[in-house]
Each structure stands twice: as C-alpha cells, then as structure tokens.
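Here are a few exercises to help you find your way around a new structure. Try each task yourself before reading the solution below it.

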Amino acid sequence: MGKQLSRRVFLRSTSLAALAAAVPLRARASESRQPNVVLIYADDLGYGDVSCYGATRVSTPNIDRLAAEGIRFTNAHSASATCTPSRYALLTGEYAWRRKGTGVLPGDARLIIEPGRTTLPSLLQRAGYKTSAIGKWHLGLGAGDLDWNTDIKPGPLDIGFDHCFLIPATGDRVPCVFVEDRRVAGLDPSDPIQVSYGKPIGDEPTGRDHPELLKMHPSHGHDMTIVNGISRIGYMAGGKSARWVDEDIADTITAKATAFIEEHKAEPFFLYFATHDVHVPRVPHPRFAGKSGMGPRGDVILQLDACVGEVLKTLDKLGLADDTMVIFTSDNGPVVDDGYKDQAVELLGEHKPAGPLRGGKYSAFDAGTRIPFLVRQPGRIEPGTSNALLCQIDLLASMATLTDQKLAEADAPDSFDVSSALLGRSQTGRDHLVEHAGTLSLIQGNWKYIEPSKGAKLNKPTNTELGNDPEPQLYNLTEDLGEKNNVAAQHPEKVKEMAPLLQKLRDQGRSRP
Ligand code: NG6
Ligand code: CA
C-alpha cells in the first residue's frame with residue numbers, strides 16, 4: 001500500500017482492493033480523504049530566529065525538520081506586525097485594519113470575532129473536522145464585563161472550535177490562568193477571580209510597589225499585579241489555585257495539543273496550536289534555562305523547537321504524518337526588549353532575530369510581518385523552497401479550496417486562494433499584499449510602497465525602527481531586501497501606481513478576487 005493512502009481511508013474503505021483497482025494512487029490520496037491540519041503558530045518569532053532561516057547561534061532541529069521535509073517559504077507574511085490584528089486576520093480572512101477595536105487587546109476585552117461568521121475553524125468544522133484552539137488566544141472573551149467565575153461565552157467554541165485550552169490574552173497580561181472550553185481551569189469557587197485593567201483590585205503586591213518580590217523586572221510597563229514573581233499588565237485577585245506557573249506553560253499546552261491529536265486520530269482534525277513562546281515574559285522550563293547562551297529569549301526558542309518536536313513525534317507515533325498538513329509560522333516579527341529585563345539585548349551577540357530584514361515587531365518595514373512559514377505533508381507536498389508571496393490571511397480561502405467548499409461573497413474578504421503554492425504546485429502566490437503596522441504598506445511583485453505617516457520613526461522602549469516617514473517610501477525588495485534605499489524619487493511612476501491601488505483596496509472594503 002503506497003504511503004499516500006491513508007490509514008484512515010484504509011479503516012474506512014469497505015473494499016480496499018476495489019478502490020485500489022479503480023483509482024490511480026495520486027487521485028486516491030487527494031480525493032478520498034481530508035488531511036488533518038496542524039497549525040503551529042509561534043509568537044514574536046522572527047524571520048532569522050530559527051536555523052533553517054539562517055540562525056547560527058541557536059539550533060532548531062525540529063523546525064528545521066519541517067523545512068527539510070516540506071516547503072520553506074521566503075516571502076510569507078503575517079497580516080499585521082502585532083498579535084491581535086494578525087490573529088484576527090488569520091482566523092477571519094479579513095484585514096484587521098478594516099475594523100475598529102482590533103488592536104492589541106487588554107486581557108478583559110470582549111470577543112472581537114462575531115459568532116456565526118465564516119472562520120478558518122468553522123470552515124473546517126463544516127468539512128467534518130474536529131477543531132481545537134490550544135495556547136494563546138488574545139482575541140477577547142465574552143461579551144464585555146466578563147465574570148471569569150461563570151461560563152465564558154462567547155469564545156472560541158462559538159466561532160468554530162469544538163474545544164479550547166487557552167492563555168486568554170498574553171503571558172504578560174492578567175488573568176494568568178488557563179481557560180478550558182467555557183471555564184477557568186482548576187478554579188476553586190471559594191476563591192473567585194477578579195480582573196481589572198482600570199483601578200487596582202485586591203490587595204496583592206504590584207511590581208511598582210514591591211520590586212523586591214520580583215524574579216524578573218520590567219524594563220517598561222508590566223508593573224502591576226505580581227504572579228509567580230513576575231509583574232504583569234493589569235490587576236488580578238483570587239483564583240490562586242488556577243494560576244499558571246510560567247516555567248510549565250510550554251509543557252502544559254503541548255501536552256494538551258498532543259492529547260487532542262491522540263483523541264482525534266481516527267477523524268479529520270484541525271489543531272490551532274498557538275505557543276506562548278517566544279513572547280515575554282520569557283521564562284523557560286529549567287531544562288532549557290541557560291542552554292542557548294543567549295539568555296531567556298534564546299532558551300525559549302529552544303523550548304519552542306522542542307514543543308514542535310513533541311507534535312511531530314506524536315504524528316509519527318500514530319502513523320499520521322502523511323495524513324497531516326503541518327504549518328509552522330509566527331504571528332508577527334521579532335522584538336528583543338519587549339518590556340522585561342531578561343538580558344535579551346545584552347546576550348544577543350551576532351544573532352539577528354530579523355535575519356536580513358529591517359525593523360521588527362510593530363514595524364512597517366518587512367521584519368514586522370515577513371515571518372518563517374513552513375508547510376509539510378510527506379507524500380503530498382514535495383520538499384523545496386518557495387518565494388511565492390502569501391499571507392496567513394490566505395489560509396481560509398486556500399482551505400476552502402482544499403476541502404472543496406465555496407465561500408459566500410461576504411466571507412473572508414481579503415483571503416486569496418494560494419493552495420497551489422501551499423502544495424508546491426506553483427511558485428506564484430498572490431500578486432499584491434497589504435501589510436499593516438499602524439501604517440499600511442503595499443507589496444506588489446518586487447516593489448514595496450509604505451504610505452506616508454506622521455508616526456514616530458522609532459519605538460523607543462523596544463528600539464524598533466517603525467518605518468514611518470512623512471514622505472512616501474518605495475523599496476525594490478529584490479535588490480534591497482533590507483529596505484535601505486528609498487527609491488520613491490527615482491520611480492515616481494511606481495508611487496503613482498501603488499498609492500492609488502492601496503487607497504482602492506482600502507476603499508472597496510474587500511480584496512478577495
Ligand atoms: C505591548 C507590551 C508588550 C507586548 C505587546 C503585545 C508594554 C510596555 N508592552 O503593549 O510587552 O505585550 O503589547 O504583544 O506593555 S503581542 O505579540 O501580543 O502583540
Ligand atoms: Ca506576537
């Protein structure tokens with residue numbers, strides 16, 4: 001039996017011999033079953049942070065294995081240069097900048113994806129997949145003024161996920177507890193949780209007033225309630241038995257991810273596995289602490305790689321590797337000092353989190369959104385490298401094609417079908433892409449246009465070049481990937497072409513062909 005013929009088909013088919021005789025192998029593999037989809041979504045991991053994209057001071061063998069066995073994309077993007085808008089776009093297929101209230105959310109924000117709309121998980125659910133969101137959420141929960149001690153609703157279960165196990169916002173934002181399905185996991189009802197992003201709440205110490213209690217100190221912000229020796233953004237009280245231990249987050253969510261795979265091995269599944277690493281606070285498990293020589297930021301890259309390894313091992317063990325499309329990517333570009341004194345700056349040395357790119361998280365320059373993007377499905381996808389232009393926002397329309405579904409006109413307004421590029425059948429992705437970092441940019445072919453902006457040039461606390469300039473910027477990405485030479489003055493005709501196209505894409509409210 002060819003390895004393209006899945007175990008699942010084998011189990012399901014009543015007459016395997018008849019099937020084998022009737023249909024050629026390739027058609028059998030693609031038509032008679034639906035591959036699982038595992039999306040591993042790292043946080044703040046830069047284009048140059050993993051060895052398969054050129055990092056040398058840190059080694060990421062498991063992520064590299066995905067690159068060696070799959071396609072390594074060199075021109076793939078997140079839709080935005082920060083988390084919430086990027087994730088919103090990935091799950092809805094809509095550019096977040098079209099909607100108010102999709103910026104980086106506080107931990108008490110309401111759910112910003114409307115129940116009922118077509119999302120990546122609801123699309124796959126319709127195709128018969130079991131779906132789970134595990135890890136970082138940061139898209140809001142509830143309908144406003146949420147009581148964390150009752151059913152948490154609406155949430156992921158109302159927009160297409162059958163199961164969830166969540167870090168509600170970020171590791172550096174309260175509440176520092178996991179949410180499983182509709183409940184805070186491990187909550188003792190006699191010690192209810194309260195959360196506030198306004199006035200201090202409860203009588204627990206804050207980082208601002210009690211720095212002597214901290215095991216990791218903030219460099220900017222992050223000076224409110226102390227949980228596990230680390231002060232956070234926001235205040236919380238109660239829920240002591242439910243609070244996470246930062247050192248264990250990676251292991252906890254990876255165990256949930258592999259358990260979900262095991263549980264659903266006999267049916268198509270979609271796992272959205274959103275790691276906390278390598279976001280702040282960077283608190284590796286002791287087995288990774290000190291191992292990278294680059295301090296906690298390097299250590300959590302190793303930890304992230306090990307989590308990827310656990311997922312791959314589980315697929316191998318269950319014989320599901322060939323039946324599963326694994327996608328590995330990051331929600332936005334890298335940042336070195338993002339608010340805690342964790343020696344990331346001091347120990348960086350020659351490591352270049354953004355590789356050859358300019359800027360980083362928060363930036364309109366390409367390092368804000370050009371991120372690692374790997375796709376692997378042995379037997380279906382030939383290994384290789386691709387420079388096809390694509391965006392995480394395209395997963396929705398692409399998965400619609402791959403599961404034989406038609407999108408309604410209003411669905412996924414900015415998602416392009418790049419399924420041929422994902423499968424390695426084409427080196428062409430989309431022909432243009434709007435990047436978002438506050439300021440909008442347009443990539444078209446070799447060219448990148450950054451619209452004029454009065455915003456600050458530098459994000460001072462993180463020392464990131466934001467790419468803002470009151471004058472239009474134009475870069476030739478083929479000749480100048482590092483966006484060093486603004487050629488707008490030499491190519492006024494290009495600016496005259498791209499500026500109105502960006503305006504048109506904005507005005508028409510959608511861009512899906
Ligand atoms: C910023 C935080 C930063 C990080 C970011 C969101 C401060 C000073 N900085 O406001 O630490 O949490 O928000 O990151 O509070 S993201 O990857 O979730 O978008
Ligand atoms: Ca992020």
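**Exercise 1. An unusual backbone angle**

Where is the place of Asp 145? Find it, then look up its phi angle.

Solution. Keep in mind that this is a predicted model. Start by locating the residue: Asp 145 sits in the loop between strand S4 (130-136) and strand S5. Next, check the backbone: phi of Asp 145 is near 55°, which is a positive value in a residue other than glycine.

**Exercise 2. Cis peptide bonds**

Work out which residue a cis peptide bond joins to Pro 175, and which one to Val 278.

Solution. Take Pro 175 to begin with. Its partner in the cis bond is Val 174, and omega is about 0°. Pro 175 belongs to the loop between strand S5 (163-167) and strand S6 (179-180). Now go to Val 278, where the cis bond is with Asp 277 and omega is about 10°. You'll find Val 278 in the loop between strand S12 (269-274) and helix H8.

**Exercise 3. Inside the largest cavity**

How many cavities of 30 Å³ or more does a search of the whole structure find? Describe the lining of the largest cavity.

Solution. Begin with the count: the search turns up 4 cavities of that size. The largest cavity holds about 90 Å³ of space. Then walk around its wall, where the lining residues include Asp 246, Ile 249, Ile 253, His 276, Gln 303 and Cys 307. Asp 277, from the cis bond with Val 278, is one of the lining residues too. Helix H7 (249-263) and helix H8 (296-317) are the elements that give two or more residues to this lining. Finally, sort the lining by character: 7 residues are nonpolar, 3 polar and 2 charged.

**Exercise 4. Two domains side by side**

Describe how domain 1 and domain 2 meet, using contacts and buried area.

Solution. First, the bounds: domain 1 covers 36-184 + 250-429, and domain 2 covers 434-508. Their C-alpha centres are 26 Å apart. Count the contacts next: 25 residues of domain 1 touch 25 residues of domain 2. As for area, the two domains bury about 2,100 Å² between them, with 55% of it on carbon and sulfur atoms. On the domain 1 side, Trp 97, Arg 358 and Ala 364 lose the most area to domain 2, together 32% of what that side buries. To finish, look for charge pairs: there are 2 salt bridges between the domains.

**Exercise 5. Salt bridges**

How many salt bridges does the structure hold? Look at the pairs Lys 448 with Asp 366 and Lys 240 with Glu 204.

Solution. The structure holds 37 salt bridges. In the pair Lys 448 and Asp 366, the closest N and O atoms are 2.8 Å apart. For Lys 240 and Glu 204, the N to O value is 3.9 Å, against a cut-off of 4 Å. This second pair links distant parts of the chain, 36 residues apart. Lys 240 is in the loop between strand S11 (235-237) and H7, while Glu 204 is in the loop between strand S8 (194-196) and strand S9 (226-227).

Technical notes:
Residues numbered from 1 in each chain as written. Chains lettered and ligands numbered in written order. Predicted model: local features only at pLDDT ≥ 70, side-chain atom pairs only at ≥ 80, totals over all residues. Heavy atoms only, no water. 1 Å grid on protein atoms, 1.4 Å probe; cavity = no way out; pocket = protein on both sides within 12 Å on 5 of 7 lines; lining within 4 Å. Points joined across faces, edges and corners; volume = space filled by probe spheres on them. Helix = DSSP H or I, 4+ residues; strand = E, 2+ residues; numbered from the N terminus. Nonpolar A, V, L, I, M, F, W, Y, C, P; charged D, E, K, R; others polar. Domains from an automatic or database assignment. Contact = heavy atoms within 4.5 Å. Buried area = accessible area lost by both parts, 1.4 Å probe. Salt bridge = Lys/Arg side-chain N within 4 Å of Asp/Glu carboxyl O.
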